Amino acid sequence: ELTRFESDRLEIVELIQRNQLQPKDNLGNVDLPVGFGRLSSDGEVFVYQNDVNGQVISFWIFRGMLSGSVELIYSTGGEALIWANQSSHPITKIERLKENWYYVETDY
């Protein structure tokens, strides 16, 4: 899943890091630009963190409701930064795919 759209996902990460793409709400949801909707199951990414201390940006693979979710997460701070940004929906699995990229399952 990562390598298929990796360069496009990196482009989105860079746009978010430069604040050229910003959350549409105070929750951290960002609508993907036209032509990039295929990068996330619902056409949105979620920004857990984007500041001088690091970035944690989620691309939804499957966004469930009470059935578990799967995210492809870009994290500059590794698993520790992902855990630090854990929401009220506990993480059940983190698998490192390559530098800065993680496969994450939650109970949401």
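# Reading a predicted fold from V70 outwards

Modeller: Start with V70, which has a relative accessible area of 14% and is therefore buried. The model is predicted.

Colleague: What is the cut-off for calling a residue buried?

Modeller: Buried means under 20% relative accessible area, exposed means over 50%, and partly exposed is in between. V70, at 14%, falls in the buried class. E6 counts as buried too, at 16% relative accessibility. N19, at 45%, counts as partly exposed.

Colleague: Where do V70 and E6 sit, and what do they touch?

Modeller: V70 is in strand β4. Not counting residues up to four places away in sequence, V70 touches F59, W60, I61, F62, Y103, V104 and E105. A distance can also be read along the chain: I94 is 24 residues from V70, and their C-alpha atoms are separated by 10.0 Å. E6 belongs to helix α1. With neighbours within four places in sequence left aside, E6 is in contact with K98 and W101.

Colleague: How should I read a nonpolar core?

Modeller: As a general idea, nonpolar side chains in soluble globular proteins tend to be buried together. Here the largest nonpolar core has 17 residues, and I12, I16, L39 and F59 touch the most other members. At least two residues of this core come from each of α1 (6–17), β2 (44–51), β3 (54–62) and β4 (69–75). The largest share is that of α1, with four residues. A second, separate core has eight residues, among them V56, L81, I82 and V104.

Colleague: Which residues does F59 touch?

Modeller: Leaving out residues up to four places away in sequence, the contacts of F59 are R9, I12, V13, L39, S40, V45, V70, E71, L72 and W101.

Colleague: How do I read the sheet, and which strands stand at its edges?

Modeller: Read the strand order, then look for strands with a single partner. The sheet is open, has six strands with antiparallel pairing, and follows the order β1-β2-β3-β4-β6-β5. The edge strands are β1 (29–31) and β5 (91–98); each has a single partner strand, so one side of each is left without a neighbour in the sheet. On average, neighbouring strands are turned by 30° against each other, direction ignored. At one edge, β1 and β2 run antiparallel and are joined by three bridges. D31 stands opposite E44 in β2.

Colleague: Where does α1 lie relative to the sheet?

Modeller: It lies across β2, β3, β4, β5 and β6 (101–106), and runs at about 135° to β3.

Colleague: What lines the largest pocket, and how much space does it hold?

Modeller: For a pocket, take the volume first and the lining next. The largest pocket holds about 250 Å³ of space. Its lining has 19 residues, with F46, Y48, W60, S87 and H89 lying nearest the centre. β2, β3, β4 and β6 each supply at least two lining residues, and β4 gives the most, with three.

Colleague: Which residues other than glycine have a positive phi?

Modeller: N19 is one of them, with a phi of about 60°. N19 is found in the loop between α1 and β1. N100 also has a positive phi, near 70°. The loop between β5 and β6 holds N100.

Note on methods:
Residues numbered from 1 in each chain as written. Predicted model: local features only at pLDDT ≥ 70, side-chain atom pairs only at ≥ 80, totals over all residues. Heavy atoms only, no water. Core = buried A, V, L, I, M, F, W, Y, C linked by side-chain atoms within 4.5 Å. Buried < 20%, exposed > 50% of the residue type's maximum accessible area, 1.4 Å probe, protein only. Contact = heavy atoms within 4.5 Å. Pairing = 2+ DSSP bridges. Axes fitted to C-alpha atoms, helices over the stretch in contact; angles between N-to-C directions. 1 Å grid on protein atoms, 1.4 Å probe; cavity = no way out; pocket = protein on both sides within 12 Å on 5 of 7 lines; lining within 4 Å. Points joined across faces, edges and corners; volume = space filled by probe spheres on them.
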